[in-house]
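Thanks for coming. I will go through one protein chain today, strand by strand where that helps. Please have the picture open.

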Amino acid sequence: MPLLEAFPDETQIMKYKLTTLPRGTARLPILASVSNIVLKQGQSQAVTPETLNYLGGGNTTETNGYIFTIADARVAAAFTGAGINTDEAQRLNQVTTLGTNVSKTVIGTTLNFTATTVNTLFGSNTTLRTSMTIIGRDSGARVTVPVTINKL
């Protein structure tokens, strides 16, 4: 179906892109080892996804890593990818979030995530909620996980 207007944001137009998988692939790759992320203010967690049903069927970490996108970057004091040393990965990991930015994207085999310590974000709430999308750069497998930050 033809597009009726231009979309400058690739994440809004094609959620499920075409992916070329190795010959003989019997199952679609899926991301595992990532579940709900629940942290207290200032608490840190490393997220290391694994891809199932890819390159031989076992659990594997993708060679080109993963794309990690958090929907609301304000809930993260630190959100950096590790393990991939390409120019693109280094550029994304060094970009600071401006006050107008809402989401943030990084590349790596592991994500280092630290919850915010800013109390004013909570207002009268005791929790902040957002989501994080992880996409395998080689397989195209994706998962979206909820992120909850609890106020101390």
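Let me start in the middle of the chain: Phe-68 stands opposite Val-106 in strand E7. Before going on, a word on what you are looking at. This is a predicted model, where local features need pLDDT of at least 70 and side-chain atom pairs count only at pLDDT 80 or more, while totals for chains, interfaces and linings use all residues. Residues are numbered from 1 along each chain as its sequence is written, and side-chain values use heavy atoms, with hydrogens and water left out.

Strand names such as E7 come from DSSP runs numbered from the N terminus, with at least two residues of type E for a strand and at least four of type H or I for a helix. On that basis the chain has two helices and 10 strands. In sequence order the pattern reads α-β-β-β-β-β-β-α-β-β-β-β.

Back to strand E5, residues 66-70. Which of its residues are on the covered face? Tyr-66, Phe-68 and Ile-70 are, whereas Ile-67 and Thr-69 form the uncovered face. E5 has an antiparallel pairing with E7, residues 104-108, over five bridges. Two strands are said to pair if DSSP finds at least two bridges between them. E5 also pairs with strand E9, residues 127-136, again in the antiparallel sense and over five bridges. Ile-67 shows both pairings: Ile-107 stands opposite this residue in E7, and Ile-135 does so in E9.

These strands belong to an open sheet of five, in the order E2-E10-E9-E5-E7, with mixed pairing. E2 and E7 are the edge strands, each pairing on one side only. On average, neighbouring strands here are turned by 25° against each other, direction ignored. For such angles, axes are lines fitted to C-alpha atoms, for helices over the stretch in contact, and angles run from 0 to 180 degrees between N-to-C directions.

There is another open sheet, with three strands in the order E3-E8-E6 and antiparallel pairing. Strand E3 (44-47) and strand E6 (76-82) are at its edges with a single partner strand each, so one side of each has no neighbour in the sheet. The average turn between neighbouring strands of this sheet is 15°, direction ignored. E3 and strand E8, residues 110-115, are joined in the antiparallel sense by four bridges. Gln-45 has Phe-113 of E8 as its bridge partner.

Phe-113 comes up again in the largest nonpolar core, which has 24 residues. Such a core is a set of buried Ala, Val, Leu, Ile, Met, Phe, Trp, Tyr and Cys residues joined through side-chain atoms within 4.5 Å. Buried means under 20% relative accessible area, with a 1.4 Å probe and protein chains only. Phe-68, Phe-79, Phe-113, Met-132 and Ile-149 have the most contacts inside this core. Elements giving two or more residues to the core are E2 (37-40), E5, E6, E8, E9 and E10 (142-150). Over the chain, buried residues are 34% of the 152.

One loop residue to finish. Where is Arg-74 found? This residue is in the loop between E5 and E6. The Arg-74 side chain makes a polar contact with that of Asp-72, at 2.9 Å. A polar contact is a pair of N or O atoms within 3.5 Å; within protein, one must be able to donate a hydrogen and the other to accept it, and residues adjacent in sequence count only if both atoms are side-chain atoms.

Definitions and conventions. Buried < 20%, exposed > 50% of the residue type's maximum accessible area, 1.4 Å probe, protein only.
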